[in-house]
Amino acid sequence: MAEATFVADRTGALRLDAAAKEERYALVRAQVDAVLEGERDLLSAMCTMVCVLHNAFPYYYWTGFYRRVGPAELRVGPYQGTMGCLSIPFARGVCGAAAREGRTQLVPDVHAFPGHIACDSASASEIVVPVFDAAGGVIAVLDVDSTLPAAFDETDQRHLEALVAKLAHLDAVP
């Protein structure tokens, strides 16, 4: 099913007020639901989700998944933005903390986060959401960075957690 991708205006103010953010997430969630209806492939779903999210929000600078490839290692997966780190151990950074602890990391100032990995020095704030499989194990994390300080809040967290929950029952097709 082909859908037009909503592309946010990045020429003006990058922040969205609370009402605009809720409205935008409602549009994104509806589009993701429509496009992924019947999809079984995890990688295809991740690629689509990253594309829709990255283009919909003007304050998103880097948007992507890091996939779990070992007991305590993440590797870059589908993403949009500048170059990402190739490998992240669970012991380091915001992504590692989300994978290790199995909970969302909402970081208003990445430079104040202990052990932060600067994959791109332009990033100022970050949200990282763990992705669980059907058995409840962490299979990936969704990482979103912004060049704005404190760009993410509980609204982002709530909607991003709901979006990645849609990935739990998909198949990792080789």
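**Exercise 1. Describe the largest cavity of this predicted model: its volume, its lining and the elements that contribute to it.**

Solution. The largest cavity encloses about 160 Å³ of space, and the model, which is predicted, holds one cavity of 30 Å³ or more. Its lining consists of 21 residues. Nearest the centre of the largest cavity lie I117, C119, E126, D143 and D145. Next, assign the lining to secondary structure: β1 (62-70), α3 (93-101) and β6 (138-146) each give two or more residues to it. The greatest contribution to this lining comes from α3, with three residues. Finally, sort the lining of the largest cavity by class: eleven residues are nonpolar, five are polar and five are charged.

**Exercise 2. Characterise the largest pocket in the same manner.**

Solution. Start with the volume: the largest pocket holds about 210 Å³ of space. Then identify the lining, which comprises 16 residues, with L42, M46, R67, I139 and A172 closest to the centre of the pocket. Two or more lining residues come from each of α2, β1 and β6. As to class, the lining of the largest pocket has eleven nonpolar and five charged residues, and no polar ones.

**Exercise 3. Determine which residues and elements build the largest nonpolar core.**

Solution. The count comes first: the largest nonpolar core contains 31 residues. Within this core, L53, L160 and L167 have the most contacts. The elements that supply two or more residues to the core are α1 (18-36), α2 (42-56), β5 (125-132), β6 and α4. Of these, α2 gives the most, with eight residues.

**Exercise 4. Establish how many disulfides the structure holds, and explain why C47 does not form one with C51.**

Solution. A disulfide is a covalent bond between the sulfur atoms of two cysteines. The structure holds zero disulfides. For C47, the closest cysteine sulfur is that of C51, at 9.3 Å. The cut-off for a disulfide is 2.5 Å between sulfur atoms, so the separation of C47 and C51 is too far for a bond. The surroundings of the cysteines may also be examined. C47 has a relative accessible area of 38% and is therefore partly exposed, whereas C95, at 3%, counts as buried.

**Exercise 5. Examine the backbone of A150 and state what sets its phi apart.**

Solution. Most residues other than glycine have a negative phi. For A150, phi is near 50 degrees, a positive value in a residue other than glycine. Locate the residue next: A150 belongs to the loop between β6 and α4. Then consider exposure: with a relative accessibility of 43%, A150 counts as partly exposed.

**Exercise 6. Relate the position of E73 to that of A140 in sequence and in space.**

Solution. E73 is located in strand β2 (residues 73-80). Its relative accessible area is 30%, so E73 is partly exposed. Along the chain, E73 and A140 are 67 residues apart. In space, 9.9 Å separates the C-alpha atoms of E73 and A140.

**Exercise 7. Assess the confidence of the prediction for the protein chain and for its elements.**

Solution. Begin with the chain as a whole: the mean pLDDT is 91, and 92% of the residues score at least 70. Then compare elements. Helix α4 (residues 154-165) has the highest confidence, at a mean of 98, and strand β3 (residues 87-89) the lowest, at 94. A caution on reading the model closes this step: where pLDDT is low, the predicted coordinates should not be read in detail.

Key: Residues are numbered from 1 along each chain as its sequence is written. This is a predicted model: local features need pLDDT of at least 70, side-chain atom pairs count only at pLDDT 80 or more; totals for chains, interfaces and linings use all residues. Side-chain values use heavy atoms; hydrogens and water are left out. Buried means under 20% relative accessible area, exposed over 50%, partly exposed in between (1.4 Å probe, protein chains only). pLDDT is the predictor's confidence in each residue, from 0 to 100. Helices (H or I, at least four residues) and strands (E, at least two) are DSSP runs, numbered from the N terminus. On a 1 Å grid over the protein atoms alone, a cavity is a set of points where a 1.4 Å probe fits but cannot get out, and a pocket is an open set with protein on both sides within 12 Å along at least five of seven lines; lining residues have an atom within 4 Å of a point. Grid points are joined across faces, edges and corners, and a volume is the space filled by probe spheres set on the points. Ala, Val, Leu, Ile, Met, Phe, Trp, Tyr, Cys and Pro count as nonpolar, Asp, Glu, Lys and Arg as charged, and the others, Gly among them, as polar. A nonpolar core is a set of buried Ala, Val, Leu, Ile, Met, Phe, Trp, Tyr and Cys residues joined through side-chain atoms within 4.5 Å.
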